[in-house]
Amino acid sequence: MAAPTSEEYDLDRKRAALYILPFVLLGIGNLLLLLGWGLRPLWAFLILPPILFVSVLGYIAFRTGLAGNRLEEETAADSK
């Protein structure tokens, strides 16, 4: 197994960002909706850290291939 090239790392980073972007936008949209309803800004911004934390975890999982490797292993084991 050869080490990934820098071009593959760039592709993985772009793909991970594209996969996570809708979830970040939904979280920010939810935050704006809460602010629009008149919730106090401090309480509305309390939901921002969990949104960002889960998004960063998802980005890391997609970038490193953690999410894809398990699926490939299961399909390979099922085909045997």
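Is W43 buried or exposed? Select W43 and switch on its side chain: at 51% relative accessibility, this tryptophan counts as exposed, because the cut-off for that class is over 50%. Keep in mind along the way that you are looking at a predicted model.

**Stop 1: the whole chain**

Zoom out and show the cartoon. The protein chain has four helices and zero strands, so following the sequence from start to end you will read the pattern α-α-α-α. Now turn on a surface. The protein chain exposes about 6700 Å², and carbon and sulfur atoms supply 68% of that area. Of the 80 residues, 14% count as buried.

**Stop 2: colour by confidence**

Next, colour the chain by pLDDT. The average is 80, and 69% of the residues score at least 70. Select residues 66-79 to find helix α4, which has the lowest mean pLDDT among the elements of the chain, at 62. Then move to helix α3, where the mean pLDDT is the highest, at 91.

**Stop 3: around W43**

Return to the tryptophan from the opening question. W43 is found in helix α2, which covers residues 41-45. Add L39, L42 and L46 to your selection: together with W43, they make a nonpolar surface patch of about 440 Å². While you are here, draw a distance from the C-alpha atom of W43 to that of L31. These two atoms are separated by 9.9 Å, and the residues are 12 apart along the chain.

**Stop 4: the aromatic pair**

How many aromatic pairs does the structure hold? There is one. Select Y19 and F62 to see the two rings, which lie 4.9 Å apart centre to centre, with 65° between the planes. That arrangement is edge-to-face, because the angle is over 60 degrees.

Which helices does the pair link? Y19 sits in helix α1 (residues 6-36), while F62 belongs to helix α3 (residues 48-64). The two residues are 43 apart, and the pair links distant parts of the chain.

Finally, put the surface back on and look at each partner in turn. Y19 counts as partly exposed, because its relative accessibility is 41%. F62 is also partly exposed, with a relative accessible area of 35%. Both values fall between the limits of under 20% for buried and over 50% for exposed. For a last view, bring W43 back beside them: at 51%, W43 counts as exposed.

Technical notes. Residues numbered from 1 in each chain as written. Heavy atoms only, no water. Patch = residues over 30% accessible without salt bridge, like charges linked within 9 Å, V, L, I, M, F, W, Y side chains within 5 Å. Areas by Shrake-Rupley, 256 points an atom, 1.4 Å probe, with all protein chains shown as cover. Salt bridge = Lys/Arg side-chain N within 4 Å of Asp/Glu carboxyl O. Buried < 20%, exposed > 50% of the residue type's maximum accessible area, 1.4 Å probe, protein only. Phe/Tyr/Trp six-rings, centres within 6.5 Å; stacked < 30°, edge-to-face > 60°. pLDDT = per-residue confidence, 0-100.
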